[in-house]
Amino acid sequence: MPATVYTGGPIYPEADGRAVEALAVRGGRVLHAGTLTDAQAAAGPHAARRDLNGGTLLPGLTDAHVHVWKVGQLRTTVLDLRGVTALDDLARAVQRRHAELPPGAWLWGRGWNETRLGGTPDRALLDTLAPGRPVLLTRTCAHIHAVNTAALNAAGLQPDTPAPPGGTIDFSRGRLTETAYGLIVRAMPAPSAAQYEAWILAGLTCLQALGFTAVTDPAVDAPLYAAYRALDAAGRLPLRVNLLYIRRPDGGADTLPLPEKHHSSRLRCDSVKFFGDGGLSGATAAISVPYRNVEPPSQGVLRFGTDDLYALAREAHVAGFRIGAHAIGDVALDQLLAVYARLDREHPGGPRHRIEHFGLPSAAHLELARALRVIAVPQPVFLRELRANYDRFVPPALAGQVFPLRAYFDAGLDVAFSSDGPVVQDLRPLAGVQAALAEPYVPGTAVSTAQALGAYTHGGAVAHGDEHERGRLRPGFLADFTLLGQDPFHTAPQHLPDIPVRSVHVAEDPPHDHPAQ
């Protein structure tokens with residue numbers, strides 16, 4: 001098989017600021033990264049030559065925590081409310097969608113944020129906007145949900161219906177939090193396999209255009225897993241996808257069995273997911289002191305008892321599954337790290353585990369996480385899009401712990417950056433890099449360009465479990481790379497998000513490029 005030599009622009013094999021002149025690739029694997037002379041020698045006399053035309057080539061970018069199918073929903077069937085900045089505008093958007101839908105169909109929207117709206121959609125408002133039609137509007141964090149009377153009736157909920165463990169129901173306001181969401185979802189029509197596949201492909205197409213070669217979808221159930229498997233079998237997955245399989249769906253105490261493990265060139269499922277607490281931007285993450293500006297006073301919610309969480313985590317750990325557990329508040333981090341420490345003590349030598357978000361860590365949390373080889377998966381772009389919520393809700397005692405990005409690196413953790421889309425609207429990786437460089441919530445915790453890009457390349461591969469062959473452009477590694485229109489190491493932070501993505505390359509046999517759309 002002939003080789004290809006890429007040259008004509010800076011090439012960063014390690015995303016560390018040290019560029020080389022050329023990259024030689026054969027059969028989807030890197031042969032050499034270095035001088036043009038050496039790359040041509042490694043590639044042989046019959047190698048093709050690909051001119052980068054001044055573009056910058058990086059190891060393939062990874063979003064280590066993005067809800068792919070939900071990104072696809074907002075590009076296809078679900079009303080996108082993330083850009084709405086006034087309650088009146090939300091009302092008009094809901095009315096328009098109500099007029100477009102056939103009778104009896106659910107009106108499902110996502111993305112509202114009360115800090116931007118100046119208010120919260122409630123049952124009475126939604127009854128007025130879409131009379132007789134069941135309406136579900138999910139907050140941007142996906143931990144709080146507004147519903148109307150028709151939706152409550154469809155779910156069989158009454159004023160005295162008890163909330164499932166780890167959730168709340170405010171019947172009069174039509175507000176459900178955390179696990180209570182499952183009571184509503186169960187009343188909605190189940191999506192078909194074709195619909196799941198369409199959502200997945202719409203989400204992956206969007207993420208591919210943003211420059212990603214790999215993603216983690218971090219909360220997949222059995223029907224969604226089946227859709228991914230079908231797309232993989234048909235050769236239709238354009239990116240590498242890592243799945244975190246959910247064990248305890250919202251709405252009750254039922255536990256899904258461990259999934260069948262799967263590992264192909266494009267799809268990996270050997271991890272499980274637990275939600276330890278709620279979200280920080282909606283004041284439901286479990287914290288040690290009361291939130292500001294919340295009535296009645298609240299310290300968020302833990303979604304598991306510690307013994308219950310340990311039992312489920314132990315089952316997965318002993319079976320060789322990696323764990324990606326959502327934990328944001330300091331109380332949730334206490335609980336999760338205690339569970340991980342017990343696993344390490346009682347069942348040493350198991351797989352490495354992740355903490356999704358890791359939002360309010362103390363120095364002690366970071367030290368213990370390093371000792372346990374935990375992988376941190378925070379979201380730098382939260383620091384821009386959700387900052388007003390943190391200003392409103394986070395108590396002063398914890399303000400110094402809000403996503404302290406540099407502290408993760410200083411503690412010696414492997415760090416994988418991500419967006420948590422569609423929780424946020426801007427999923428561009430370089431928007432995340434810009435926020436990490438220039439918008440720390442905690443003064444003095446900004447990171448360097450090399451740290452940020454490393455967390456989107458090598459760090460993402462570590463979080464996926466394939467750092468032995470991806471995330472760097474070393475000999476023998478997969479030739480997954482992202483081609484940018486200019487060099488992020490020589491671009492001012494405020495201009496980073498505007499760097500165009502020219503193409504992404506996901507190695508296969510034979511490899512081919514997917515132009516950015």
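**Figure 1. Helices α10 and α11 are oblique to each other in the predicted model.** The axes of α10 and α11 cross at roughly 45 degrees, an angle that is neither under 35 degrees nor between 65 and 115 degrees, and the pair therefore counts as oblique. The two axes come within 10 Å. The crossing of α10 and α11 is right-handed. On the α10 side the contact is made by T306, L309, Y310, A313, R314 and H317. These residues meet Q335, L336, V339, R342, L343 and E346 of α11. By class, the contact of α10 with α11 holds 6 nonpolar, 3 polar and 3 charged residues.

**Figure 2. Helix α11 packs with helix α12 at an angle of about 25 degrees.** Helix α11 covers residues 330-346 and helix α12 covers residues 363-371. Their axes lie 11 Å apart. The angle between them makes α11 roughly parallel to α12, because angles under 35 degrees are counted that way. The crossing of α11 and α12 is left-handed. From α11, the residues in the contact are D330, L333, D334 and L337. From α12, they are H365, L368 and A369. The contact of α11 with α12 divides into 4 nonpolar residues, 1 polar residue and 2 charged residues.

**Figure 3. Helices α8 and α9 are roughly perpendicular to each other.** Helix α8 spans residues 193-209, and helix α9 spans residues 222-233. The two axes come within 9 Å and cross at roughly 70 degrees. This angle falls in the range of 65 to 115 degrees, so the pair is classed as roughly perpendicular. The crossing of α8 and α9 is right-handed. In α8, the contact involves A193, Y196, E197, I200 and L201. Their partners in α9 are P223, L224, A227, Y228, A230 and L231. The contact of α8 with α9 has 10 nonpolar residues, 1 charged residue and no polar residue.

**Figure 4. G320 sits in the loop between α10 and β17.** Helix α10 covers residues 306-318, and strand β17 covers residues 322-327. The relative accessibility of G320 is 31%, and G320 therefore counts as partly exposed. That value lies between the cut-offs of 20% for buried and 50% for exposed. Leaving aside neighbours within four places in sequence, G320 is in contact with K261, D270 and P351. The C-alpha atom of G320 is separated by 8.7 Å from the C-alpha atom of S271. G320 and S271 are 49 residues apart along the chain.

**Figure 5. The setting of the close-up views is a chain of 18 helices and 23 strands.** The chain has 517 residues, of which 59% count as buried. Its radius of gyration is 23 Å, which agrees with the value near 24 Å for a compact globule with this number of residues. Taken along the principal axes, the C-alpha atoms fill a box of roughly 75 × 50 × 45 Å. Among contacts between residues at least 6 apart in sequence, 73% join residues at least 24 apart.

Terms used
Residues are numbered from 1 along each chain as its sequence is written. This is a predicted model: local features need pLDDT of at least 70, side-chain atom pairs count only at pLDDT 80 or more; totals for chains, interfaces and linings use all residues. Side-chain values use heavy atoms; hydrogens and water are left out. Axes are lines fitted to C-alpha atoms, for helices over the stretch in contact, and angles run from 0 to 180 degrees between N-to-C directions. Helices (H or I, at least four residues) and strands (E, at least two) are DSSP runs, numbered from the N terminus. Angles under 35 degrees count as roughly parallel, over 145 as roughly antiparallel, 65 to 115 as roughly perpendicular and the rest as oblique. A crossing is left-handed if the near helix is turned anticlockwise from the far one by less than a right angle, and right-handed if clockwise. Contact means heavy atoms within 4.5 Å. Ala, Val, Leu, Ile, Met, Phe, Trp, Tyr, Cys and Pro count as nonpolar, Asp, Glu, Lys and Arg as charged, and the others, Gly among them, as polar. The radius of gyration is taken over C-alpha atoms; the globule rule is 2.2 Å times the number of residues to the power 0.38. Buried means under 20% relative accessible area, exposed over 50%, partly exposed in between (1.4 Å probe, protein chains only).
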